[in-house]
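Colleague: Please pick one loop in this model and take me through it residue by residue. Then place it in the rest of the fold. Keep the cut-offs explicit.

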Amino acid sequence: MSQSQFVSKCTTDALQLAATTLLHGNLVAFPTETVYGLGADALNKQAVARIYETKGRPSDHPLIVHLHSMQVMGQWIEDVPEYAIALGRDFWPGPMTLIFKRSTLAQDFITGGQNTVGIRVPDHVVALALLEAFHTLGGRGIAAPSANRFGHVSPTTAQAVSDELSEYLRPEDQILDGGPCTVGVESTIIDCTGPAPRILRPGGITIEMIEESTGLTLLQTIDSKEEIRVSGSLEKHYSPTAKVILDTAPIAGQGFLALADSKTPEGVIRLAEPKDIVEFARDLYAALRKADEMGLAEVVVEQPQGEGLAIAIRDRLERASKGR
Ligand code: TXA
Ligand code: MG
């Protein structure tokens with residue numbers, strides 16, 4: 001597929017233009033270390049409404065507000081517990097989203113009507129440069145979900161964003177190309193509204209890292225159907241068109257994703273052979289997309305074992321395997 005008219009390289013000029021474009025109420029897709037985000041001015045109701053339209057996402061699913069620095073998060077939130085300060089200091093910029101009680105700045109069109117708001121400082125030069133340029137122009141934060149259609153696989157390249165969303169974008173919108181994402185799965189979401197942190201979505205920042213940073217034992221993860229709506233925790237999510245089968249024995253004609261030490265049987269289409277868990281996360285979504293580009297009906301994925309990032313990978317694959 002060819003690059004669309006929306007994609008631009010991240011020159012200083014392109015970043016300035018993107019910040020202005022955002023301030024004028026348009027959308028800018030940008031790279032982060034996890035996945036590409038579809039950004040809009042977090043204070044602009046019409047612009048945020050376009051995120052929902054473009055993604056085909058239900059309007060009651062809240063958005064994460066991205067900031068260039070933890071220093072400016074106070075305007076968006078209230079009641080920041082000590083442990084959240086420790087987390088921010090240790091892991092931001094990084095693949096972590098913290099959920100706090102919202103201030104009046106975080107309006108219903110960002111929070112889906114909930115009284116909490118998600119904040120993230122991403123660890124990517126392009127994302128940070130864009131956020132800083134936006135801040136310099138007087139912007140307060142960029143709301144951004146993953147830049148995919150609702151329920152699909154998150155994009156980890158500008159090309160994937162273009163393939164997903166070009167037909168829904170307007171001429172003024174932009175996609176910034178910052179190369180492939182280095183983490184590859186979405187941020188760890190941590191609820192910071194209770195006496196101790198609670199993971200709502202596993203990601204690059206792991207249980208061990210959070211407990212080490214805060215000196216606290218995590219609260220039990222709740223069932224997502226309860227009061228907090230995390231669309232990424234819906235049973236069916238992160239799904240390619242191909243059927244995802246969690247197994248170790250693919251047969252001829254099926255796609256296959258597994259660590260490099262698993263052999264590819266005759267006639268099986270190997271989509272990626274990551275050498276470790278970090279590479280597995282990085283390759284995951286691109287491999288699922290490749291299966292769709294090749295028109296494969298089924299992809300067999302061998303779930304990686306272990307803790308840390310492997311938990312996030314298994315979480316996404318469990319959901320992808322529920323199909324669409
Ligand atoms: O890595 C990431 O987090 C990427 C990059 C672009 O930053 N963003 C991302 O956004 O994955 P999204 O919207 O695709 O997934 C964020 C999840 C959603 O499931 C949303 O429901 C949840 O975060 N979320 C946002 N605000 C929340 C809140 N106040 N309470 C509970 N969940 C929230
Ligand atoms: Mg998403």
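Modeller: Begin with the surface: the protein exposes about 13,500 Å², and carbon and sulfur atoms supply 51% of that. Accessible areas are Shrake-Rupley values with a 1.4 Å probe, and for residues only the protein chains shown count as cover. The model is predicted, so local features need pLDDT of at least 70 and side-chain atom pairs pLDDT 80 or more, while totals for chains, interfaces and linings use all residues. Residues are numbered from 1 along each chain as its sequence is written, chains are lettered from A and ligands numbered from 1 in the order written, and side-chain values use heavy atoms, without hydrogens or water.

The overall frame comes next. The secondary structure comes to nine helices and 15 strands. These are DSSP runs numbered from the N terminus: helices are H or I with at least four residues, strands E with at least two. The C-alpha atoms fill a box of roughly 60 × 50 × 30 Å along the principal axes. The radius of gyration, taken over C-alpha atoms, is 19 Å; this agrees with the value near 20 Å for a compact globule of 324 residues. That rule is 2.2 Å times the number of residues to the power 0.38. Of the 324 residues, 58% count as buried. Buried means under 20% relative accessible area, exposed over 50%, and partly exposed in between, with a 1.4 Å probe and protein chains only. Among contacts (heavy atoms within 4.5 Å) with a separation of 6 or more, 67% join residues 24 or more positions apart.

Now the loop. Strand E9 (174-177) and strand E10 (188-191) flank the loop that holds Val 185. Pro 180 is in that loop between E9 and E10. Pro 180 counts as exposed because its relative accessible area is 60%. Neighbours within four places in sequence set aside, Pro 180 contacts Thr 156 and Thr 157. Its C-alpha is 9.2 Å from that of Thr 32, 148 residues away in sequence.

Is Val 185 buried or exposed? Val 185 is buried, because its relative accessible area is 0%. With the four-place neighbours left out, its contacts are Thr 34, Val 35, Ala 281, Leu 284, Tyr 285, Leu 309, Ala 312 and Arg 316. Ser 262 is 77 residues from Val 185 along the chain, and their C-alpha atoms are separated by 22 Å.

Ser 187 also sits in the loop between E9 and E10. At 1% relative accessibility, Ser 187 is therefore buried. Which residues does Ser 187 touch, not counting those up to four places away in sequence? They are Thr 34, Ile 64, Pro 95, Met 96, Thr 97, Arg 120, Arg 201, Pro 202, Gly 203 and Arg 316.

Past the loop, Ile 189 belongs to strand E10. Ile 189 is buried, because its relative accessible area is 7%. Its C-alpha lies 9.3 Å from that of Arg 120, 69 residues away along the chain.

E9 and E10 also meet helices. Six of the eight residues of helix H6 (158-165) are buried: Ala 158, Ala 160, Val 161, Ser 162, Glu 164 and Leu 165. They pack against E9, and also against strands E1 (7-9), E2 (28-30) and E3 (37-41) and helices H2 (45-55) and H8 (277-293). In H3, the buried residues are Tyr 83, Ala 84, Ala 86, Leu 87, Gly 88 and Phe 91. Their cover includes E10, E6 and helix H7 (207-214).

Two backbone points concern the ends of H3. Most residues other than glycine have a negative phi, and most peptide bonds are trans. Asp 79, in the loop between strand E5 (77-78) and H3, has a positive phi near 55°. Asp 79 is exposed, because its relative accessible area is 56%. Pro 93 is in the loop between helix H3 (82-91) and strand E6 (96-102). The peptide bond from Trp 92 to Pro 93 is cis, with omega near -5°.
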